[in-house]
Amino acid sequence: MNGAQHILEAFHQHSINTVFGYPGGCIMPLYDALVDDVDVEHVLCRHEQACALAADGYARASGELGVCIATSGPGATNLITGVANAHRDSIPMLVITGQVPSGLIGTDAFQETDVLGMTLGIVKHSYLVESADELPAIMEEAIELAQSGRPGPVWIDIPKDVLLTEAQALPSKPTTSIETSAPDLFTAIDMLRAARKPLLYSGGGISLAHAEEAFRQFAAASGLPSVVTLKGIGNGGKRDPNHLGMLGMHGSRAANRAVDECDLLLVIGARLDDRATGKLDTFAPNARIIHIDADAAEINKLKAADLSLRGDLTSILYGLTGELKKHPLAIEEWRKQCRTWHATGGFNTADNEEPLAPITGPAFVRQLSRIAPDDTIIACDVGQHQMWVAQYYQFDHPRHHLSSGGLGTMGFGLPAAIGAQFANPASTVINVAGDGSFMMNAQELATIRRYNLPLKLIILDNQCLGMVRQQQELFYNNRESHIDLNDNPDFVAMARAFDIPALHIERTDQIRRGIETILAYDGPMLLHVAIAREENVWPIVKPGASNREMIDESQRTRKANKEHVA
Amino acid sequence: MNPTTHPNNAGIYAIACTMTHEAAAMERLCQVIRIRGFRIVQMAVDAAGENLNIALTLEGTRPIAMLKTQLEKLHTVGEVVLQAPMAKTKTA
Ligand SMILES: Cc1ncc(C[n+]2csc(CCOP(=O)(O)OP(=O)(O)O)c2C)c(N)n1
Ligand SMILES: [Mg+2]
């Protein structure tokens with residue numbers, strides 16, 4: 001077997017049957033090997049960025065490794081945004097690129113770029129393969145590394161001659177993992193029992209560790225009021241009575257208030273990101289902190305933990321659950337208090353009953369949440385629409401909510417939805433996009449058509465870069481700068497040009513029919529939703545300010561906002 | 001973060017580290033040191049078979065323990081030892 005065939009052999013060994021890629025000169029030996037392979041489905045996207053984002057969406061929705069492939073030079077550089085996106089959200093991904101032949105590296109050869117050098121900061125690890133014999137072991141190690149501990153993208157850059165050379169497999173090195181010892185668990189239990197107002201704070205680490213079930217059992221046994229980060233949405237399921245919603249910049253008042261008042265914060269699988277914590281000095285000011293994470297470097301990184309537990313989240317959570325089942329926590333008063341806050345400070349604005357009224361983002365998303373089946377996967381883009389989905393859609397599982405958290409990559413949603421649909425062919429997969437974001441990977445309409453994916457595409461079109469416009473309004477004295485998109489294309493005609501049927505709605509009384517129509521249609525369909533340009537996401541915390549200083553619609557006047565700018 | 005000035009409160013630290021002698025090993029190490037807020041004052045690298053032994057003197061205002069855990073996360077870094085006695089605050 002040559003190097004290229006060894007790559008496919010590794011795919012077979014690890015049951016990797018779907019990869020996203022785009023061919024070119026230096027990766028051609030791998031594409032040649034693919035011709036004879038019946039077990040690996042290669043999905044041809046129309047831009048390498050979309051290949052990486054589709055692999056990311058595939059991994060998020062399935063919990064398995066996402067794989068993307070590109071050629072050297074422009075192919076590799078086009079992957080970068082997608083790989084950075086996966087890196088920031090700890091998504092398990094294998095990236096394979098062709099490189100110019102070994103002898104030409106460093107000669108400024110055609111389509112040569114220093115891929116290893118330029119991607120160091122966006123990978124968990126990377127390799128430049130120097131000989132065909134080491135390729136099989138590198139494949140093994142890379143596949144293991146991408147998925148173990150805190151997952152992340154691993155990039156293998158392979159010179160063309162290595163792909164073509166016959167290879168002898170060398171043995172790979174074993175890897176090790178670290179477990180938390182039992183005494184730490186007892187200390188955590190003691191701290192929980194000593195607290196009067198303990199709060200559970202969970203993030204994307206729960207599903208990354210495949211610890212969803214363990215988390216739910218722990219949440220139920222502990223009865224702790226809980227908040228989630230953007231990536232933790234769905235952790236507790238949609239029927240968790242103690243759940244207060246998302247915290248942070250666009251979080252609920254209830255969630256931010258509970259963090260502010262709690263006396264113990266149990267942080268699990270979250271990295272205390274600035275969008276979630278606001279100004280750190282005033283974050284959870286009265287709380288002792290227990291931090292549970294797979295990554296030692298996250299502990300004490302931004303906020304000192306009174307106790308840290310590092311290791312496999314599932315076994316830690318089951319360990320804690322066992323103790324709490326024997327003797328439940330006595331925190332009924334605090335639970336009641338949190339439920340009251342949730343009832344008054346959650347995301348529960350009344351529906352607009354006026355049938356001819358323009359559609360608002362929250363009203364649309366709430367309806368979508370009511371109508372779409374329980375196992376629907378929503379892949380968002382980035383902007384106001386993303387926040388409305390996070391606030392108003394009731395997710396039952398974290399893998400149903402695909403959102404670019406750490407990097408905030410506009411253009412994520414459409415290719416991520418493609419990846420999610422390949423991972424879950426029978427599920428309803430919806431991309432909720434903004435008009436700006438949609439145009440960043442619109443070429444992927446061709447991929448949807450080619451593979452006849454039954455994806456549902458929803459564009460919440462406010463004819464502007466709404467999230468930027470909102471911050472310009474609130475924090476830059478309403479001085480709008482380059483956010484206008486009132487010359488958007490006709491999205492309905494655009495979809496139809498790709499042979500995808502499309503529908504336009506603009507009034508409140510059209511929401512239900514619009515959603516039902518696209519969901520009932522047997523194939524891909526686009527729903528273009530015109531919404532008001534001036535709509536804002538509420539509440540909002542000014543970047544860098546304390547989560548106590550939430551601004552809502554009642555403070556929309558210039559005067560109030562100027563005070564917040566100060 | 002890419003500090004270009006020497007703040008008065010910067011600490012000086014000595015670190016010894018071993019890592020696999022792989023392609024881009026030193027770039028990987030230096031990149032993490034830079035992005036996590038430290039400057040290299042001195043560096044000595046000694047290639048020993050498959051490994052590199054690296055002695056570093058670093059300067060920075062952030063907690064050195066944070067850099068240590070970030071360096072330990074690198075897949076090809078074997079051991080990072082903080083040599084405590086070197087650490088002192090600059091009074092420039
Ligand atoms: C690739 C990229 N470029 C720029 C930004 C900065 N940005 C964040 S939100 C946003 C506006 C998004 O507009 P749209 O997709 O229409 O969503 P809306 O906020 O209007 O709902 C911009 C420009 C980004 N996050 N990603
Ligand atoms: Mg918009």
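This report walks through the contact between two chains, some aromatic ring pairs and one buried glutamate in a predicted model.

## Where chain B meets chain A

Let's start with the contact between the chains. On one side, chain A brings 18 residues to the contact, and on the other, chain B brings twelve. Putting chain B and chain A together buries about 1100 Å², and carbon and sulfur atoms give 59% of that area.

What links the two chains through charged side chains? There is one salt bridge between chain B and chain A. The partners are Lys73(B) and Asp295(A), with 2.7 Å between the closest N and O atoms. As for polar contacts, three residue pairs across this interface satisfy the rule, with both residues at pLDDT 80 or more.

## The chain B side of the contact

Which helices of chain B supply at least two residues each to the side that touches chain A? They are helix 1, spanning 25-35, and helix 2, spanning 64-73. Helix 2 of chain B gives the most to this side, supplying four residues.

If you sort the chain B residues that touch chain A by character, you get three nonpolar, five polar and four charged.

## Aromatic pairs

Now for the rings. Counted over all chains, the model has nine aromatic pairs. One of them joins Trp334(A) and Trp341(A) in an edge-to-face arrangement, with 5.9 Å from centre to centre and 85 degrees between the planes. Trp334(A) and Trp341(A) are both buried.

Tyr393(A) and Phe395(A) make another pair, with ring centres 4.5 Å apart. Why is this pair called tilted? The planes of Tyr393(A) and Phe395(A) meet at 35 degrees, and an angle that is neither under 30 degrees nor over 60 counts as tilted. Like the two tryptophans, which are buried, Tyr393(A) and Phe395(A) are buried.

Ring pairs can also join up into a cluster: Phe20(A), Tyr58(A), Phe422(A) and Tyr451(A) are linked in this way.

## A buried glutamate in chain A

Our last stop is Glu473(A), a residue of helix 20 of chain A, which covers residues 466-475. Is Glu473(A) buried or exposed? Its relative accessibility is 10%, and because buried means under 20%, Glu473(A) counts as buried.

What does the side chain of Glu473(A) contact? Its polar partner is the side chain of Asn536(A), at 3.2 Å. Taken together, Glu473(A) is a buried residue that sits in helix 20 and makes a side-chain polar contact with Asn536(A).

Technical notes
Residues are numbered from 1 along each chain as its sequence is written. Chains are lettered from A and ligands numbered from 1 in the order in which they are written. This is a predicted model: local features need pLDDT of at least 70, side-chain atom pairs count only at pLDDT 80 or more; totals for chains, interfaces and linings use all residues. Side-chain values use heavy atoms; hydrogens and water are left out. Rings of Phe, Tyr and Trp (its six-membered ring) pair if their centres lie within 6.5 Å; planes under 30 degrees apart count as stacked, over 60 as edge-to-face and the rest as tilted. Buried means under 20% relative accessible area, exposed over 50%, partly exposed in between (1.4 Å probe, protein chains only). Contact means heavy atoms within 4.5 Å. Buried area is the accessible area (1.4 Å probe) that two parts lose on being put together, summed over both. A salt bridge is a side-chain nitrogen of Lys or Arg within 4 Å of a carboxyl oxygen of Asp or Glu. A polar contact is a pair of N or O atoms within 3.5 Å; within protein, one must be able to donate a hydrogen and the other to accept it, and residues adjacent in sequence count only if both atoms are side-chain atoms. Ala, Val, Leu, Ile, Met, Phe, Trp, Tyr, Cys and Pro count as nonpolar, Asp, Glu, Lys and Arg as charged, and the others, Gly among them, as polar.
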